[in-house]
Amino acid sequence: MGMYRHVMLLHCYFASSFLCTAVAFVEEPVGGRSDGYCGRILRAQTQGTRKEGHHEFRIRVEGDPASYQPGSTYRVVLLATSPSYFRGFTLIALKEGREGTVDDDYIGQFQNIDEEDTQFMTNCAPAMTESTPRRRTRIQVFWTAPPTGSGCVIMKASIVQKRVIYFQDEGSLTIRLCEKERVFGEATGAPAMECCACGTAKYRLTFYGNWSEKVHPKDYPRRANHWSALIGASHSRGYVLWEYGGYASEGVRQVAEFGSPIKMEEEIRQKGDEVLTVIKTKAQWPAWQPLNLRAAPSAEFSVDRTCHLMSFLTMLGPSPDWNVGLSGEDLCTKECGWVQRLETDLIPWDAGTDNGVTYESPNKPTIPQEKIRPLTSLDHPQSPFYDPEGGAITPIAKLVVERIARKGEQCNVVPDTIDDIVADIGQEDKEEDDTPETCIYSGWSPWSACSSATCEKGRRMRQRMLKAQLDLSVPCPHTQDFQPCMGPGCSIEGKNRNTLKCDCCEGLCSVCVREQPACLFADSLLCMLSPWSDWSDCSVTCGRGLQTRQRMLKSDPAGCSEELEQMEKCMLPECPADCMVSEWSEWSECNKSCGKGHTIRTRMVKLEPQFGGRACPETIQRKKCKIRKCRTKEGSRDTSVSGCRMQPWTAWTDCTKPCSGGIQERFMVAKERDKGAMAVGCKDRKEVRACNVYPC
């Protein structure tokens, strides 16, 4: 016969005079079935004190969704509104209409976030409960939604407070979630089966960053805010780039903490047959600009029956280890076709490698490393995403994936729509840009005029400025680009036709172009020019300058109005900018009214050093000052001088500046003056000190 143990459904934490036996029961024998045990949990909750409806306890799914996406993972939070609290709880998820008496009644899968707070209930594995008995106002767990076709879910929580009190059937501790209806052509979500589509599909991924001071104003970093280079791949089910609940690889860590995609790309390429396309876009500095100033970064990739999943990530910078991305997004549909369009909002997630809680927290490695998890609005009061109400985080980016072509014989069950046919038209492949993601450039300048004004072959140029080099070990390529060209009215194609012969008019040859007269107009022949010279060196060694080129006149100047010199802007790497500071302020008053003290003066930083410029000098100076010798009684606190009794020192005032050196003051005023006291001894006192001396 197995051993029996007496247990409580939810623990009692009060005096023994209170009767707990109303909800006590005997556990199944060790090794026995758990079916009946879970059922008795539900039946036991009809006993004891009840409190239904909406009250100070609440269960919520982060984002407050009205439906669930099959296979997706959600954060479930149990909250108590201050000053209420709870000591114990149970949390279950049931199929709608089921009683919880058999294992099949339970749906989805819970997962611990913090094992010090939560655990699976003994002999009732689908239920979650507390790990240790203590006062709480909040617990959280992950819940993975069931596969497609599972129907609606009823999620219930029960609470133990000072006495055994249960809340479950109605109100704020019960949530109903139904499966999200899927529109034809949408992704299948978590891959539950092999892809049955045929041929290949080509997609364009476009990343729209929405992280800006306007949308996320709390502590928004005004300097160096950016998105790192985006890195990802189309891959098979056998390869996982990253996933919630998993651990970050070294490549993921380097993207998450430093924004460097180099190691991550190396890891992807090492997977060989598991990867079809490496997905890359360049970094964005600053993080947000209107689309009419900077196009959203995009990349193209392909999928096939084996490699039909897409994953990517990009760092939110600066941040400890915060990213956005997708993991294992399936582009194969259940109808054996390819998704037409995917559009999804993105919220940040934590890579579990750094303990910082603000955008610019100092590096503090997480030891041991934690699992990748979504950030929430209740993580830490100093977090820029913190919301005491626990609301959903406003998305910081949007991803759009559009199918632009299909190749090979297709086998989708549902016939093609007009959208399918139009999407197959596709676009020509763009020339691959091999610029390293660690090199940040300005946009290209417009093309210059052609170096040849005649039909001799010349070239034209455009330029861009190197704004940042994130990895000094990776060289940044050219900042100039050249293209062959010819003068107005000329054709490179016609120039190269050797079968055409040149006729001559008065000893001067015309341009050999088909379907044009054999000779040029006479007035154009009167102006003969030499080819343009090479462009001169830029007039500056850094920043923006000018460059020129010249050509010579070979005919009568009276018949020629063509320009002989051209000037263009040129751009070189940014010039170093030295730190600039304001003039010194006046010396403050001595911080002591008698005895030895000090006085200070400050100056502000007007411009931080940039691009290797000279560092800032000191912004605060102090010197000694001595007014007169203090006359105090032994052991006193200097509150009586020259016949005056003084009030104690006031508290320091608020700092006059938030940064770059401010001043605080405190005062001591006369409380009682003796009739014969000298006026000089009865003056109110003031002390001054510097504050917030760090630069803005």
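A cavity here is a set of grid points where a 1.4 Å probe fits but cannot get out, and its lining residues have an atom within 4 Å of a point. With that in hand, here are some close-ups of this predicted model.

**View 1. The second largest cavity and its lining.** The structure holds three cavities of 30 Å³ or more, and the second largest has a volume of about 50 Å³. Around this second largest cavity we meet Ser-451, Ser-452, Ala-453, Thr-454 and Glu-456, together with Leu-529, Ser-530, Pro-531, Trp-532 and Arg-551. Sorted by class, its lining comprises four nonpolar, four polar and two charged residues.

**View 2. Trp-322 and its aromatic partners.** The model has 15 aromatic pairs. In one of them, the ring centres of Trp-322 and Tyr-359 are 5.8 Å apart with the planes at 70°, so this pair is edge-to-face. Trp-322 belongs to strand β21 (residues 322-330), while Tyr-359 is in the loop between β23 (349-350) and β24 (373-374), so the contact ties together parts 37 residues apart in sequence. Trp-322 and Tyr-359 are both buried. Trp-322 also pairs with Phe-385, this time in a tilted arrangement, at 5.8 Å centre to centre and 55° between the planes. That pair links distant parts of the chain, as Phe-385 sits in the loop between β24 and β25 (397-407), 63 residues from Trp-322. Relative accessibility is 2% for Trp-322 and 7% for Phe-385, which counts as buried.

**View 3. The wider aromatic cluster.** Trp-322, Tyr-359 and Phe-385 join Phe-207, Trp-211, Tyr-220, Trp-227 and Phe-312 in one aromatic cluster.

**View 4. Lysines over rings.** The charged end of Lys-398 sits over the ring of Tyr-208, 5.5 Å from its centre. Lys-623 places its charged end over the ring of Trp-587, with 4.4 Å to the ring centre.

**View 5. A salt-bridge network around Arg-98.** Side chains of opposite charge can pair when their charged atoms come close. Among the 25 salt bridges counted is the one between Arg-98 and Asp-105, whose closest N and O atoms are 3.0 Å apart. Arg-98 is partly exposed at 36% relative accessibility, whereas Asp-105 is buried at 4%. Both belong to a salt-bridge network with Lys-95 and Asp-104.

**View 6. A salt bridge within helix α2.** Glu-250 and Arg-253 meet in a salt bridge with an N to O distance of 2.8 Å. These residues are three apart in helix α2 (residues 250-258), so about one helical turn separates them. Glu-250 is partly exposed, with a relative accessible area of 34%, and Arg-253 is likewise partly exposed at 23%.

Terms used: Residues are numbered from 1 along each chain as its sequence is written. This is a predicted model: local features need pLDDT of at least 70, side-chain atom pairs count only at pLDDT 80 or more; totals for chains, interfaces and linings use all residues. Side-chain values use heavy atoms; hydrogens and water are left out. Rings of Phe, Tyr and Trp (its six-membered ring) pair if their centres lie within 6.5 Å; planes under 30 degrees apart count as stacked, over 60 as edge-to-face and the rest as tilted. Helices (H or I, at least four residues) and strands (E, at least two) are DSSP runs, numbered from the N terminus. Buried means under 20% relative accessible area, exposed over 50%, partly exposed in between (1.4 Å probe, protein chains only). A charge sits over a ring if NZ of Lys or CZ of Arg is within 6 Å of the ring centre and within 35 degrees of the ring normal. On a 1 Å grid over the protein atoms alone, a cavity is a set of points where a 1.4 Å probe fits but cannot get out, and a pocket is an open set with protein on both sides within 12 Å along at least five of seven lines; lining residues have an atom within 4 Å of a point. Grid points are joined across faces, edges and corners, and a volume is the space filled by probe spheres set on the points. Ala, Val, Leu, Ile, Met, Phe, Trp, Tyr, Cys and Pro count as nonpolar, Asp, Glu, Lys and Arg as charged, and the others, Gly among them, as polar. A salt bridge is a side-chain nitrogen of Lys or Arg within 4 Å of a carboxyl oxygen of Asp or Glu.
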